[in-house]
Amino acid sequence: MGPKILNRNGRARVTLTDSVTGARREYALGQYGTATAEAKYFALMTRYAAMGRRLPMDSTAGMSVAQLIDGYWTQAKPKYQDKHLATIKSALKLLNRHYGDIDADAFGPLRLQELRQIMVVDGLDGRQWSRGYINAQINRTRAVFAWGVSMQIVRPDTLTALKTVGPLKPGQTTAHETEPVGSADLELVEGSIPFMPAQIRTAVEIQLVSGARPGEVVRIKEAWITKHSDDLWIFTIPKGEAKVRTKPRPIPLGPRAIKAITPFMDRDPDRFLLSPAESLEDSMGYVRSGKRAPRDRYDSQTYREAIHRACDKAFPVPDSSDDPKSWIKRHRWNPNELRHWALSEIEFATDDKSAATVAGHSGHKITNEVYIHRAARSLQKIVDQCAFMRES
């Protein structure tokens, strides 16, 4: 437990101890028993923890980048999903490795550019990062200092200076570009499905007909499904059940999705329907069984890995191949591509606003720009509807 608020003749006080020097200091919080005193106590204890339980609290002098990182990481862990935490951790690791021992306010624009060049040349331990990912990591690095400013342990002008470093632009860096996510190739999907355990096959089919995100489809529970009618069930992850900043959104499950998920609805409504533990029991070797006990559900990474294993079994590298890595890359597909395919099909059958509604986007601009892939038949539909394109 932390230091308690003490009543000193009607005034709230708290005494803190420096974790390194052992020095003690008493802080006044206002009138005892008031909401103001509680608020001041909370803010003071937050800053105290962020500084590694160091004193004094009225100066930012002596706050190292490593201490700043420790405080930021402590408050970030409860806020984000594991996948996002992993990206934050990789940015913090580089920052700490190269600049952890300097004063936080001494980390300026030139050092941020140095760090960015390290990302370009080496990434993290030789794993190359793309231009877009480097820009995102630089923003995450700045977020550490923004949090320090909010805790009054970093000077505001330090953050202002860091914001002058602009993003890497296409053609102005040696960092490679990533290919945008495309629509799923149904021939590859259908070819790999027979090599998947039932749980993964079901997740794939639900994504294909609902436009759900990979991280959503692996979290399906009966308790989170509302049976609106025989032909429409609605799946919604309740607010607070996932560490995400987006609001809960309804995911439509039509007849095909209902048929796919029904065989798994014979258990506790609060259990995840698609369980890795059950897939190990009936997988016939399709899922690896390591020493660790399987989790109660898949996450985005284990879901993708299961799909890739099925792809490798369905499309083995031929003995005559001169480039096995290229073969594997061409014959693997990712679960995000299923969402792109579904939203493109919805847009083709209805309109972009309907696709945006299913996607959970507040407007249809992002749906059009990122998720809708207009194939040849979409262009044929345009030609068929435009007489001036067919007749002189």
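**Close-up 1. Asp266 in the loop between helices H10 and H11.** Asp266 is found in the loop that runs between helix H10 (255-261) and helix H11 (276-282). This is a predicted model, so please read every view here as a look at a prediction. With a relative accessibility of 60%, Asp266 counts as exposed. Its partner in this view is Glu222: the two residues are 44 apart along the chain, and their C-alpha atoms are separated by 9.3 Å.

**Close-up 2. Helix H2 against helix H5.** Here helix H2 (residues 65-76) packs with helix H5 (residues 131-150) at an angle of about 90 degrees, and the axes are 10 Å apart. The two helices are therefore roughly perpendicular to each other. On the H2 side, look for Val65, Leu68, Gly71, Tyr72 and Gln75. H5 brings Ala143, Val144, Phe145, Trp147 and Gly148 to the contact. Sorted by class, the contact residues of H2 with H5 are 7 nonpolar and 3 polar, with no charged ones.

**Close-up 3. Helix H3 against helix H5.** H5 appears again, this time with H3: the packing angle is about 75 degrees and the axes are 9 Å apart. That angle makes H3 roughly perpendicular to H5, since 65 to 115 degrees counts as such. From H3, the contact takes in His84, Thr87, Ile88, Ser90, Ala91, Leu92 and Leu95. From H5 come Tyr133, Gln137, Arg140, Thr141, Val144 and Phe145. The class count for H3 with H5 is 7 nonpolar, 5 polar and 1 charged. Val144 and Phe145 of H5 may look familiar, as they are also listed in the contact with H2.

**Close-up 4. A stacked pair, Phe107 and Phe145.** A search of the whole structure finds 5 aromatic pairs. In one of them, Phe107 and Phe145 are stacked, at 5.1 Å centre to centre and with 10 degrees between the planes. Phe107 lies in the loop between helix H3 (82-99) and helix H4 (109-122), while Phe145 belongs to helix H5, so the pair ties together parts that are 38 residues apart in sequence. Both Phe107 and Phe145 are buried. Ring pairs also bring in Tyr99, linking Tyr99, Phe107 and Phe145 into a cluster.

**Close-up 5. An edge-to-face pair, Trp129 and Tyr133.** The ring centres of Trp129 and Tyr133 are 5.1 Å apart and their planes meet at 80 degrees, so this pair is edge-to-face. Trp129 is buried, with a relative accessible area of 2%. Tyr133 is partly exposed, with a relative accessible area of 24%. Tyr133 is also among the H5 residues that touch H3.

**Close-up 6. Two arginines over aromatic rings.** For anyone interested in charges beside rings, there are two examples to inspect. Arg297 lies over the face of Phe272, at 5.6 Å from the ring centre. The charged end of Arg339 sits over the ring of Tyr371, 4.9 Å from the centre of that ring.

**Close-up 7. Gln152 in the loop after H5.** Gln152 has its place in the loop between H5 and helix H6 (156-162). At 54% relative accessibility, Gln152 counts as exposed. Tyr99, a member of the ring cluster with Phe107 and Phe145, is a handy landmark. Gln152 and Tyr99 are 53 residues apart in sequence and 20 Å apart in space, C-alpha to C-alpha.

Definitions and conventions
Residues numbered from 1 in each chain as written. Predicted model: local features only at pLDDT ≥ 70, side-chain atom pairs only at ≥ 80, totals over all residues. Heavy atoms only, no water. Axes fitted to C-alpha atoms, helices over the stretch in contact; angles between N-to-C directions. Helix = DSSP H or I, 4+ residues; strand = E, 2+ residues; numbered from the N terminus. Parallel < 35°, antiparallel > 145°, perpendicular 65-115°, else oblique. Contact = heavy atoms within 4.5 Å. Nonpolar A, V, L, I, M, F, W, Y, C, P; charged D, E, K, R; others polar. Phe/Tyr/Trp six-rings, centres within 6.5 Å; stacked < 30°, edge-to-face > 60°. Buried < 20%, exposed > 50% of the residue type's maximum accessible area, 1.4 Å probe, protein only. Lys NZ or Arg CZ within 6 Å of the ring centre and 35° of its normal.
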